[in-house]
Each structure stands twice: as structure tokens, then as C-alpha cells.
Amino acid sequence: MNENETSRDNIQQYYPTKGRVILHLDMNAFYCSVHAAEEPEKYLGKPTAVAGSMELRKGIIVTCSYAARKLGIRTGMHVKQAMRLCPHLIVIRPDFYLYRKYSRAFIDIARSYTPLVEVVSIDECYMDITGSKIFGTPLDIANELQTRIREELSLPCSIGVAPNKLLAKMASDMKKPNGITILRIRDVPQQLWHRPCGELFGIGRKTADKLSRAGIRTIGELAHADEERLVSLFGIQGHWMKQAAHGLDDGQVKAEREQSKSIGHTTTLPRDVESKEEVKRVLLNLADQVARRIRKQKLMAQTVQLTIRNPEMKTITRSSTLQGPTDDADILLDEAWKLYERHWTSGSPIRLLGITGQNLVPKQEAAVQLDLFDFERQPKREQLIETMDRIRDKYGENAIVTLGMIGDDPSSLLRNHRVRGTSLQTDTLHESGGE
């Protein structure tokens, strides 16, 4: 037996003969870390927070750096409260285009070790590395991943190594930032059972409160709870909770993205808008972006949903079903505008607007009902839209702009990335052109 064969045998012992090896890759304080990677002289090692414009409204902290967390800053905190705790806190406006650029980059690194990568959000993914023995032991792969992401992207990350997705996710949360944690099923009693039920991934605050009222406060107590009682309290979820408390999970890493159930864009406006002209201009931008993404996935929407939030944070969502499925921005805009006029008092200030295409169906399966007087124009219109899409894919979103999008002033604040809207749905991480 030669040295290479011996090495392969040594590596093989770290992989199960049955079962899987799963990594959960979690980027640390992702938004703030991206800004620090882009401009280290301004942000690296300093207390920073990503939030809305504190000059124009009461912003909320979306995320904050670890330097800020040490000073008591937390996600969800109002900017003014954070500034009282830390007067030298650096508040940064979100840049989702930049975040998506870095997100694609770390996902590309992950995919260089296995094709079985499941992107679950802009800053985390699961990796099934059961078949990746060529790269070394699971710990070798985790260390190399972390090193490459740090050296190539200047970003910190934590990685959980486990036999299933549940434990990998739990493990990645144990050491932050820059931690690597191995969590086996045999480790669960010692590592997890003393923790509150609310710390078990998949159990929310309301469920944890209900468990507590039932006298089940820790994960260990949940593991030993009577399953029939759990089912009587929580239905089929009771079975899952019992299994999860023992560290058992049969969820598979899904490399292929499932068809989106909805595609939407929302924007928190840099200032409250009140006039119908401003509202329509924002909706036009949002409808345009939603339609673009629907077409990229070769889907059509059968329902349009409008989201409106006022400065007091009251949010309404209203939807309507179309006569036929569409991927046309004009139709999305028309339906959203009808919902706005029907359900919103004209002149009332608006903080956030959003449009979502729902009940999506594959375009090739959609029975498009052409208007009797429009059937001659429809193919030409589709050809025009396809041409415009190709131009914008190649030269960027601003390559083709309508007057309705920018209004009377081409430099208007209502024609920018924020008014175009942002989305953190994972289909956007696979787009390439125009950003």
C-alpha cells in the first residue's frame, strides 16, 4: 500500500459509511462585513450598523458589527437609541447590490467543493460534502473554506459541521465570529439539552412560550416529553420537535432551486411620499423590476399583491387575481395602481411600497388569454420586451429608462436603486448581468 492509499484510508474514516456530512456556512455580520471589506480604512474594526437614513426618518438597525455589539448595539434597535449608547457609531445605508455581489462570490467558493449547495438566504448556505473526500476531511474542508473566504473576500464566517442540516445550523451559531464547530448526534445531550427550547432551530418565540406554559423549558425536557402530549398541543409539529430535540433531521440539501412561489420587490423610501404622481413613479419602477425577474425565470404571475406601510409602521397588503397570467410590467403596474386607489387614502404619507407577483406558473404552461383587440400587437410587444431585456442584461438596468420612471427631474431621488426596490429572495443571487 502506497502513501496516497494510506492517506485516502485515513480520510475515509472521517466520513460515515451510511449517512451524510453537512456544512452550514454562515457569514458573520454580513452587511457590515461587506462594507468593511470594500472600505477597510473607514469601517474595519469600528462600531458600524446598517440602517435606513437617520436624517430623514427613524431608522431601525438591520445588522451591526461585532465591535458595535460589544457596546450593546443590537439588531432591531432604533438608530437614535443606538446612537445614545454609542455616539461614535457609524451608520451605513444599505447597498443590496453590493451584498448580492459578495453573496455570489462566497457561494461560488462553496460550489468549488461540492455541487450540493443549498442557498437559503443572502448570507448562508448548506453544503453536502459527503462525496467531497478528495478535498480532505470535513474539518479540512471547513478550515479551507473559511480561509479562502477570509483571504479572497476579506469576510468572516462561521461553519457548522454535522450529520444533518439541523445540527449543522445549530453548530454554526455556537462560535461567532470565525468559528468552526463539529456537532454530532452523540454530542446533543451535553451540548444542547441544557439550553432553552427557543434556541432549537425551528422553534419560534410563540412556540417556546407555549412549551414553557406546558412545563417544557429546555431542549432536554423536550427530548424526554411525551410525544402524544406534544402532538395534542402542536399537531404534526409535535413529532418533529421530539425528533429535533434528539438531534435527528432527515432534510436533504437541495442543490436545485425550487420554483419561486412569489417574486417581489419592496423599497423603504428616502422620504415619505404623498402625491399620486410620486406613488405611481415608484410603483412603475417596482413593477418593472418584478416583471424582469419573473421573465428571467420564465414564469408568469396570476396574482398581484401591493404592500404599503405608513410612517407609523402600519402595513397593509392587498392582492387581486388577474384574468390571465402575465410577465408584463404594465399589467402588474395597472393592477397595483387599482389596489392603491381602492385601499389607500390619497395624500396619506407612505414610508414603504412593494409589489409582488404571486401564484407563479411556468410560462410554457400558462394559457395566455390574448385580448380580442390586442392579438396582433401582442407578439410585437413581446419581441420589444425581449430586446429591451437583452440590452439591460448587457449594459445594466439604467440602459433603458422611461420618463415615467424618472419624472421631470432626471436626477430625482426617485430614480435610484432604493426606489427600484430590493429583494433578498435567492433567485437574485443567480442573476449576472446589469449590476
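Select Val50 in strand S2 of this predicted model and look across to strand S4, where Ile92 stands opposite Val50. Extend the selection to S4, residues 90-92: S2 and S4 run parallel and are joined by three bridges.

Now add strand S3, residues 61-64. S3 pairs with S2 in the antiparallel sense, again through three bridges. Here the residue opposite Val50 is Thr63, so Val50 has a facing residue in S3 as well as in S4. Keep S2 selected and show side chains for residues 48-51. Thr48 and Val50 point one way, Ala49 and Ala51 point the other way, and all of them are buried.

**The five-stranded sheet**

Next, select strands S5, S6, S1, S7 and S8, which form an open sheet in that order with mixed pairing. S5 (117-121) and S8 (180-182) are the edge strands, each pairing on one side only. Neighbouring strands in this sheet are turned by 15 degrees against each other on average, direction ignored.

Zoom in on the S5 edge. Four bridges connect S5 with S6 (residues 124-128), and the two strands run antiparallel. For a specific pair, pick Val117, whose bridge partner in S6 is Met127.

Which helix lies across S1, S6, S7 and S8? Select residues 138-153: this is helix H7, and it runs at about 165 degrees to S7 (157-162). S1, also crossed by H7, covers residues 22-27.

**The aromatic residues**

Switch to the rings of Phe, Tyr and Trp. The structure holds seven aromatic pairs. One of them is formed by Tyr31 and Tyr99, which are stacked at 4.2 Å centre to centre with 5 degrees between the planes. This pair links distant parts of the chain: Tyr31 belongs to helix H2 (residues 30-38) and Tyr99 to helix H6 (residues 96-111), 68 residues apart.

Are these two rings' residues buried or exposed? Tyr31 counts as buried because its relative accessible area of 10% falls under the 20% cut-off. Tyr99 is buried too, at 0% relative accessibility.

Widen the selection to Phe30, Tyr31, Phe96, Tyr99 and Phe106, which form one aromatic cluster.

**Two charges over rings**

Finish with two lysines. Select Lys133 and Tyr15: the charged end of Lys133 sits over the Tyr15 ring, 5.0 Å from its centre. Then select Lys210 and Phe234, where the charged end of Lys210 sits over the ring of Phe234, 5.0 Å from the ring centre.

Conventions. Residues are numbered from 1 along each chain as its sequence is written. This is a predicted model: local features need pLDDT of at least 70, side-chain atom pairs count only at pLDDT 80 or more; totals for chains, interfaces and linings use all residues. Side-chain values use heavy atoms; hydrogens and water are left out. Buried means under 20% relative accessible area, exposed over 50%, partly exposed in between (1.4 Å probe, protein chains only). Two strands pair if DSSP finds at least two bridges between them. Axes are lines fitted to C-alpha atoms, for helices over the stretch in contact, and angles run from 0 to 180 degrees between N-to-C directions. Contact means heavy atoms within 4.5 Å. Rings of Phe, Tyr and Trp (its six-membered ring) pair if their centres lie within 6.5 Å; planes under 30 degrees apart count as stacked, over 60 as edge-to-face and the rest as tilted. A charge sits over a ring if NZ of Lys or CZ of Arg is within 6 Å of the ring centre and within 35 degrees of the ring normal.
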